[in-house]
Amino acid sequence: MDASHRNHRNPAFVGDDGRSTASTMDISASNTAAPRDNIDDLESSKLPEERATWGKGVEFLMSCIAMSVGLGNVWRFPFTALDNGGGAFLIPYLIVLFLIGKPIYYLEMVIGQFSSRGSVKVFDLCPAMKGVGAGQAFQVFMLNTYYAALVAIIGRYFFESFQNPLPWAACREEWGSNCINSAPDATNWSQVESENQRPQNSSVKSQNDRLITSSEWYFVKEVLHETPNIEDGIGLPNWELVIGLFVAWACVFLIIRRGVKSSGKASYFLAIFPYVIMGVLLVRAVTLPGSLDGIYYFIKPQWGKILDPKVWYAAVTQCFYSLSVCFGNIIMYSSFNKFGHNVHRDASIVTALDTMTSLLAGFTIFGILGHLAHEIGTDDIGSVVKGGAGLAFISYPDAIAKFKQLPQIFSVLFFLMLFVLGIGSNIAMTSCSVTAIRDRFPNFKQWQCSLLIAVVSFVIGLMYITPGGQYMLTLVDFFGASMIALVLGIAELYTLGWIYGTDRLCKDIEFMLGRKVGLYWRLCWSIITPLIMTVILIYFYATYEPLTYNNIVYPNWAYGIGWTITAFGILQLPIWMIVAIIRDPGQSLGQKIRGAFTPKKNWGPTDPLLREQYNKEIENDLTPKRGKGIWAAIKQNIFG
């Protein structure tokens with residue numbers, strides 16, 4: 001595609017209404033559309049006549065920020081960094097962001113916007129790999145069900161934060177004599193000695209006599225009513241958390257009931273408000289005595305860990321899940337963009353902001369911990385709070401309870417921030433499921449589909465707020481997310497980079513945005529990113545250990561459920577590959593296989609005029625180097 005051929009088309013051929021502004025005469029006055037096979041005609045007829053678009057481009061950006069900047073940035077990143085070398089962790093993390101996070105984010109934005117298709121339908125670019133989208137849709141649905149349960153628990157803590165004193169600040173008689181107060185000046189019925197008030201919970205030889213803070217007892221006994229094991233079942237839901245779960249799903253439904261028209265408006269609040277609270281907490285944190293010691297402790301590098309494979313694995317997983325890449329959410333959101341929207345700029349903004357937010361959260365949290373260490377007279381800031389799964393509901397409340405002046409203000413702000421962050425991410429995951437269904441069944445109305453998913457997810461979510469709920473949450477998170485995400489993510493990268501082709505992808509970007517694609521993007525999409533992800537997958541399975549919860553082994557039936565979930569997600573790949581080959585109209589098996597790995601005839605921009613123009617140009621661009629051998633094809637795919 002020469003420059004003179006393009007200048008009159010891009011980016012001006014898309015107006016504010018998202019439709020083509022180029023005339024029929026300019027694009028193709030006399031040519032008819034390329035013939036399509038019956039299957040493509042049938043599927044084209046199922047598409048709605050006009051796809052909704054974001055009211056303003058900034059709504060898409062805000063929605064991506066609300067989706068990507070979530071709970072993982074606030075409660076997971078600071079302690080992942082601390083456990084993996086502190087400031088030294090930032091080096092592999094930034095490298096991983098540059099080589100994995102940003103390339104995949106931009107890649108998914110591009111294919112979603114270019115095709116105006118959701119995360120499943122977008123694999124019209126390679127029908128045989130439709131299982132990637134189907135598996136990711138299943139994975140996101142599983143994530144969605146337990147993510148809302150976490151939001152419900154956050155809501156419970158937010159509501160309880162208005163009490164004076166905080167309900168987790170002091171021990172209760174029924175919790176036993178090994179309880180110590182989280183608040184140092186609280187009255188403790190067991191009169192634990194003052195030296196035992198240290199938050200690191202001085203270890204005792206007998207596990208049964210281990211000192212436990214009141215915040216941990218409160219989470220286990222009052223919020224979860226947790227059972228010691230699930231051999232005899234998981235029990236019945238906690239009615240207080242049922243209310244919280246209902247509120248969470250009511251919020252999600254009300255925001256997405258009208259699609260991007262309503263969620264786009266809510267995105268301003270969901271994206272900006274957490275930063276307001278985080279800013280308030282940061283300003284307060286850095287003005288506290290000892291806070292700078294805590295921040296220094298956070299960023300101080302432990303250089304001995306920088307070559308540890310576990311640190312690099314932690315960096316990849318943190319980046320992967322923090323940005324929500326390879327889950328389908330980014331493809332879904334960008335599919336509602338106008339055709340010429342500048343996603344290159346938005347991808348750069350969101351990935352940079354996600355990292356900045358993680359650092360900001362680290363400074364805030366460790367500033368507070370530095371102050372607490374100053375208050376209790378210890379130099380070991382790492383002992384003030386412990387990481388792990390209960391960080392948000394045990395360690396942070398424990399730290400908040402130690403504030404001598406108005407801990408309620410900090411608690412209300414902190415859990416309100418977490419609630420808004422959780423809702424923002426939940427909206428993206430639910431919208432992804434809704435879009436996948438409506439792309440397949442366009443007559444299914446937005447509010448009906450949203451209500452159906454909310455109700456079904458609410459019912460499934462009741463499982464996670466039972467006495468054995470955290471066991472099931474950990475199980476589904478591991479087998480329904482971690483075990484599936486890497487496999488499907490790698491399949492997605494090889495599909496886009498080599499089956500569809502990096503070179504064709506770059507030409508699509510040139511057609512859509514009118515800008516050349518640099519060598520950095522080409523190398524990442526074709527070689528670097530899929531290769532690193534493959535190594536990470538091998539490392540994941542090489543270091544696999546049977547899942548436990550609090551060092552408790554699951555019963556065999558639980559492992560059976562877990563592996564069934566994993567198998568269902570991954571088996572979407574061969575199942576849909578076979579379906580695509582059978583459905584292809586080719587006469588021989590070879591023709592059917594080639595057809596299944598070739599984009600459908602209706603692949604491309606949804607505007608018929610643009611698609612006709614695109615088909616002509618892409619055919620002209622791909623023809624010159626066909627039939628020149630495998631090495632010529634590889635070189636063309638990577639370098640153009």
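The accessible surface of this protein comes to about 26700 Å², and carbon and sulfur atoms account for 63% of that area. The model is a predicted one, so please read every value below as computed from it. Of the 640 residues, 57% count as buried. The fold has 24 helices and four strands. Among contacts with a separation of 6 or more, 82% join residues that are 24 or more positions apart.

**The core**

Let us go inside. The largest nonpolar core holds 182 residues, and Y105 and F414 are the ones with the most contacts inside it. Helix α18, spanning residues 469-513, gives the most to this core, with 25 residues. In soluble globular proteins, nonpolar side chains tend to be buried together. Leaving out residues up to four places away in sequence, Y105 touches C64, M67, S68, L323, V325, I330, A347, V350 and T351.

**The annotated binding site**

Which residues does UniProt list for "binding site"? The unreviewed entry gives V69, N73, S322, L421 and S425. These positions are spread over 357 residues of sequence, yet they cluster in space, with a largest C-alpha distance of 12.1 Å.

Two of the listed residues deserve a visit. V69 sits in the loop between α4 (57-68) and α5 (71-83). V69 counts as buried because its relative accessibility is 4%, and the cut-off for buried is under 20%. Beyond its neighbours within four places in sequence, V69 is in contact with Y275, D354, T357 and L421; L421 is itself on the UniProt list.

N73 belongs to helix α5 and is buried too, with a relative accessible area of 1%. Not counting residues up to four places away in sequence, N73 touches S68, P78, S322, D354, T357, S358 and A361. D354 and T357 thus appear among the contacts of V69 and also among those of N73. The side chain of N73 also reaches the backbone nitrogen of G70, at 2.9 Å.

**Aromatic pairs**

How many aromatic pairs does a search of the whole structure find? The search finds 47. Two edge-to-face examples are set out here.

| Pair | Centre to centre | Angle between planes |
|---|---|---|
| F158 and F162 | 5.4 Å | 80° |
| F298 and F363 | 5.9 Å | 85° |

In the pair F298 and F363, F298 lies in helix α11 (residues 291-299) and F363 in helix α14 (residues 343-376), so the pair ties together parts that are 65 residues apart in sequence. F298 is buried, with a relative accessible area of 1%, whereas F363 is partly exposed at 28%. In the other pair, F158 counts as partly exposed at 24% relative accessibility, and F162 is exposed at 54%.

Ring pairs also link Y157, W168, Y218, F219, F393, Y396, F414 and F415 into a cluster. F414 has turned up before, as one of the residues with the most contacts inside the largest nonpolar core.

**A look at E240**

Is E240 buried, partly exposed or exposed? E240 is partly exposed, with a relative accessible area of 29%. The residue is part of helix α9 (residues 239-256). Aside from residues up to four places away in sequence, E240 touches R156 and E222. E240 and A152 are 88 residues apart in sequence, and their C-alpha atoms are 9.1 Å apart in space.

Notes. Residues are numbered from 1 along each chain as its sequence is written. This is a predicted model: local features need pLDDT of at least 70, side-chain atom pairs count only at pLDDT 80 or more; totals for chains, interfaces and linings use all residues. Side-chain values use heavy atoms; hydrogens and water are left out. UniProt positions are given in the numbering used here, feature names are shortened, and annotations may be inferred rather than shown by experiment. Helices (H or I, at least four residues) and strands (E, at least two) are DSSP runs, numbered from the N terminus. Buried means under 20% relative accessible area, exposed over 50%, partly exposed in between (1.4 Å probe, protein chains only). Contact means heavy atoms within 4.5 Å. A polar contact is a pair of N or O atoms within 3.5 Å; within protein, one must be able to donate a hydrogen and the other to accept it, and residues adjacent in sequence count only if both atoms are side-chain atoms. A nonpolar core is a set of buried Ala, Val, Leu, Ile, Met, Phe, Trp, Tyr and Cys residues joined through side-chain atoms within 4.5 Å. Accessible areas come from the Shrake-Rupley method with a 1.4 Å probe; for residues, only the protein chains shown count as cover. Rings of Phe, Tyr and Trp (its six-membered ring) pair if their centres lie within 6.5 Å; planes under 30 degrees apart count as stacked, over 60 as edge-to-face and the rest as tilted.
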